[in-house]
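Visitor: I am new to this structure and would be grateful for a close look at one part of it. Please choose a helix, describe what surrounds its buried side, and then proceed to the neighbouring regions.

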Amino acid sequence: MIVRMQPYPYLVQFGPGGHAYVYLCYGLHMMLNVVADKEGIGAAVLIRSCAPISGLGTIQQRRGLENEKPILLAGPGKVGQALGLSTEWSSHALYTAGGLELLDGPEPDEILVGPRVGIEYALPEHANALWRFAVAGSSWISAPKKTLKPL
């Protein structure tokens, strides 16, 4: 695997869309973001949870849990641990096959929206912005769920 290193890792989020931006949070958790705009615009989407499609045994092993409940992947740090992420994945093109990639899935019937989580320190217009999205009916949604409403 060839990894392109950048002098300032956070600059990845200002790169072209469709790439991974992985960073270490609080010195503990690897956070996966998907860069979501054109080059020069700092925009990325934090992946707060996901549902396993395959590799459940590997996920359970990495998480140290043998259950099949959403607790395996309901939280951004848990996602990073379950996927075995490191900052070496930053700048990886998520539209190329191999390793870490995004694939099309079925179109959801209903989307939920709510305020972002864990940014109470931000200005009210940013802390209360409806920038958190989830698929309605999925049990694989990170907490808090009560703040999510139909779009």
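Guide: Let us take helix 2, in what is a predicted model. The cover over the buried residues of helix 2 includes strand 2, strand 3 (44–46) and helix 1 (56–63). Helix 2 itself spans residues 76–83, and its buried residues are Pro76, Gly77, Val79, Gly80 and Ala82. In general, an α-helix has 3.6 residues a turn, so residues three or four places apart point the same way. After helix 2 comes Gly84, which has a positive phi, near 65°.

Strand 2, one of the elements covering helix 2, also has a part in the largest nonpolar core. That core has nine residues in all: Ala20, Val22, Met30, Leu32, Val34, Leu85, Trp89, Leu94 and Leu100. Strand 1 (20–25) and strand 2 (29–35) each contribute at least two residues to this core. Strand 2 provides the largest share, three residues. Apart from this core lies another, of five residues, including Ile59, Leu72, Leu73 and Ala82. Ala82 is also one of the buried residues of helix 2.

Val22 offers a closer view of the largest nonpolar core, to which it belongs. Not counting residues up to four places away in sequence, Val22 touches Met30, Met31, Leu32, Leu85, Ser86, Thr87, Trp89 and Ser90.

Attention may now pass to Ser142, in the loop between strand 5 (132–135) and strand 6 (149–150). Ser142 counts as buried because its relative accessibility is 3%, and the cut-off for buried is under 20%. Beyond residues up to four places away in sequence, Ser142 touches Arg48, Ser49, Ala74, Gly75 and Arg132. With Arg48, the contact is polar and joins the two side chains, at 3.0 Å.

Trp131 lies in the loop between helix 3 (124–127) and strand 5. With 53% relative accessibility, Trp131 counts as exposed. Together with Phe133 and Leu151, Trp131 makes a nonpolar surface patch of about 420 Å².

Helix 3 contains Ala127, which counts as buried at 15% relative accessibility. Setting aside neighbours within four places in sequence, Ala127 is in contact with Pro115, Arg116, Ile119 and Ala122. Pro115 is 12 residues from Ala127 along the chain, and their C-alpha atoms are separated by 6.8 Å.

Conventions
Residues are numbered from 1 along each chain as its sequence is written. This is a predicted model: local features need pLDDT of at least 70, side-chain atom pairs count only at pLDDT 80 or more; totals for chains, interfaces and linings use all residues. Side-chain values use heavy atoms; hydrogens and water are left out. Helices (H or I, at least four residues) and strands (E, at least two) are DSSP runs, numbered from the N terminus. Buried means under 20% relative accessible area, exposed over 50%, partly exposed in between (1.4 Å probe, protein chains only). A polar contact is a pair of N or O atoms within 3.5 Å; within protein, one must be able to donate a hydrogen and the other to accept it, and residues adjacent in sequence count only if both atoms are side-chain atoms. Contact means heavy atoms within 4.5 Å. A nonpolar core is a set of buried Ala, Val, Leu, Ile, Met, Phe, Trp, Tyr and Cys residues joined through side-chain atoms within 4.5 Å. Patches are made of residues with over 30% relative accessible area and no salt bridge: like charges are joined within 9 Å, nonpolar side chains (Val, Leu, Ile, Met, Phe, Trp, Tyr) within 5 Å. Accessible areas come from the Shrake-Rupley method with a 1.4 Å probe; for residues, only the protein chains shown count as cover. A salt bridge is a side-chain nitrogen of Lys or Arg within 4 Å of a carboxyl oxygen of Asp or Glu.
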